[in-house]
Amino acid sequence: MKLSDRKKQILKAVVDDYIQTAEPVGSRAVVVRMETPVSSATVRNEMAELENLGYLEQPHTSAGRVPSNLGYRMYVDELMERYHLTGADLAEVQKALKFRMRELDRLIFEAGKMVSELTHHAAIALTPVADTESIRRFEVIQVDKTTVVLILVTTTDQIRNRICRLNVPLSGLEISAANRALNAYFTNIPLHDMNGDRIARAESETGAEITELLVAAIDFAADVLRRILNREVYLSGATQLLQYPEYRDVDRARALLDCLSDRETVVKLPEPEPGETIRVSIGEETGVQALDDVSVVVTSYEAGHGARGLLGVVGPTRMDYARVCARLQKFSEGLSQILNEQQRNG
């Protein structure tokens with residue numbers, strides 16, 4: 001059934017009031033918020049119809065109404081006004097973005113914390129993944145004849161290092177040969193091409209006995225790439241949830257936090273479709289039973305070379321969707337700009 005303009009105004013008023021108060025909304029509060037003058041009796045009748053249609057719920061007899069998940073979906077899709085970021089909002093977002101870090105995973109972890117602080121909700125951050133992730137550069141630094149530091153940079157500018165202790169001593173010339181071989185034969189190729197045949201060819205053409213070092217470097221690179229393709233997931237600001245009356249029940253809060261701490265659950269949450277900047281999932285739309293009474297807002301950020309990561313916010317279904325969406329999208333745009341500038345200057 002298509003809702004009349006008056007029903008839509010009343011539904012919007014109920015959602016707006018409930019977002020602010022977390023208390024069931026009565027007809028008097030709705031009358032105050034209505035753009036068009038209307039009597040309390042009329043509002044009560046319309047609210048009863050909205051309840052019958054599934055857009056509102058009545059928690060207790062003779063109490064006011066609260067929005068259902070269907071009501072929130074109507075609000076997000078059709079009724080909420082676009083949130084215009086104020087000067088203070090923009091200043092807060094810009095302040096959060098004034099950071100520079102070299103290691104991408106640490107940067108994304110910090111980004112998640114900042115999103116939580118900006119929105120006052122729990123935040124999730126997923127590291128970026130490209131369609132074809134590979135190693136862009138190797139560096140081998142000799143510590144002594146049997147110890148080296150392996151450093152690699154991925155195509156998404158993630159940097160990793162590992163100390164490697166060798167059984168066979170190597171000279172400086174052999175270390176240099178290994179460095180050249182790694183960058184000539186093992187950069188910008190998919191993981192499945194990093195195999196024994198390529199190692200044998202690289203050693204043969206360099207004319208150096210460096211198999212042990214090449215194998216160690218490739219094992220390290222393979223481990224890094226597998227971890228990246230599996231994506232790191234960071235949860236920040238979990239305690240933000242405890243400020244909301246919905247989560248004063250300890251068991252309820254613990255169940256939610258346990259769910260958000262499960263990596264396999266988080267990576268399966270709905271994310272923006274191509275051409276979509278923000279995805280809002282309300283209650284059951286998350287596809288996770290433990291999240292049936294929360295909403296998840298997710299946006300993506302770009303990290304160059306086709307790599308895309310995700311930032312999200314988790315909170316009660318009565319969250320201020322317009323404000324959260326506006327701040328989250330603005331932050332992701334700034335983060336994308338930083339990552340792309342860092343890559344160009346790297």
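Which way do helix 8 and helix 9 cross, left-handed or right-handed? Hold that thought for a moment, everyone, and thanks for coming. One reminder before we look around: this is a predicted model.

Back to the opening question. The crossing of helix 8 and helix 9 is right-handed. Helix 8 covers residues 196-206 and helix 9 covers residues 211-230, and their axes come within 10 Å, crossing at roughly 140°. Angles over 145 degrees would count as roughly antiparallel, so helix 8 and helix 9 are described as oblique to each other. Who makes the contact? On the helix 8 side you will find Ile199, Ala202 and Glu203, and on the helix 9 side Thr211, Leu214, Val215 and Ile218. Sorted by class, that contact has five nonpolar residues, one polar and one charged.

Now let's turn to the other partner of helix 8. Helix 7, residues 172-185, packs with helix 8 at an angle of about 130°, and the two axes are 10 Å apart. That pair is therefore oblique as well, and helix 7 passes helix 8 in a right-handed crossing. From helix 7 come Ala177, Ala181 and Tyr185, and they meet Arg198, Arg201, Ala202, Glu205 and Thr206 of helix 8. Here the classes are four nonpolar, one polar and three charged. If you like to click on residues, try Ala202, which is part of the contact with helix 9 and also of the contact with helix 7.

On to the strands. There is an open sheet of five strands, in the order 7-3-10-9-8, with antiparallel pairing. Which strands stand at the edges? They are strand 7, residues 233-236, and strand 8, residues 278-282; each has a single partner strand, so one side of each has no neighbour in the sheet. From one strand to the next, the twist averages 15°.

Let's stay with strand 7. Four bridges join it to strand 3, and the two run antiparallel. One pair to find on screen is Ala123 with its bridge partner Ser236 in strand 7. The side chains of strand 7 alternate: Tyr234 and Ser236 point to one face and are buried, while Val233 and Leu235 point to the other face and are not.

Elsewhere in the sheet, strand 9 (residues 294-302) and strand 10 (residues 308-316) run antiparallel and are joined by nine bridges. Within that pairing, Glu302 stands opposite Arg308 of strand 10.

There is also a hairpin to look at, where two residues connect strand 4 to strand 5. Strand 4 spans residues 135-144 and strand 5 spans residues 147-154; they run antiparallel, with eight bridges between them. In this hairpin pair, Ile141 has Val149 of strand 5 as its bridge partner.

Last stop, two backbone details. Ala22 is not a glycine, yet its phi is positive, at about 60°. You will find Ala22 in the loop between helix 1 (5-21) and helix 2 (27-33). Is Ala22 buried or exposed? With a relative accessible area of 18%, Ala22 is under the 20% cut-off, so Ala22 counts as buried.

The other one is His120, also not a glycine, with a positive phi of about 65°. His120 sits in the loop between helix 6 (104-119) and strand 3 (122-129). His120 has a relative accessible area of 35%, which makes it partly exposed.

That is my tour, and I'm happy to go back to any of these spots on the screen.

Technical notes. Residues are numbered from 1 along each chain as its sequence is written. This is a predicted model: local features need pLDDT of at least 70, side-chain atom pairs count only at pLDDT 80 or more; totals for chains, interfaces and linings use all residues. Side-chain values use heavy atoms; hydrogens and water are left out. Two strands pair if DSSP finds at least two bridges between them. Axes are lines fitted to C-alpha atoms, for helices over the stretch in contact, and angles run from 0 to 180 degrees between N-to-C directions. Angles under 35 degrees count as roughly parallel, over 145 as roughly antiparallel, 65 to 115 as roughly perpendicular and the rest as oblique. A crossing is left-handed if the near helix is turned anticlockwise from the far one by less than a right angle, and right-handed if clockwise. Contact means heavy atoms within 4.5 Å. Ala, Val, Leu, Ile, Met, Phe, Trp, Tyr, Cys and Pro count as nonpolar, Asp, Glu, Lys and Arg as charged, and the others, Gly among them, as polar. Buried means under 20% relative accessible area, exposed over 50%, partly exposed in between (1.4 Å probe, protein chains only).
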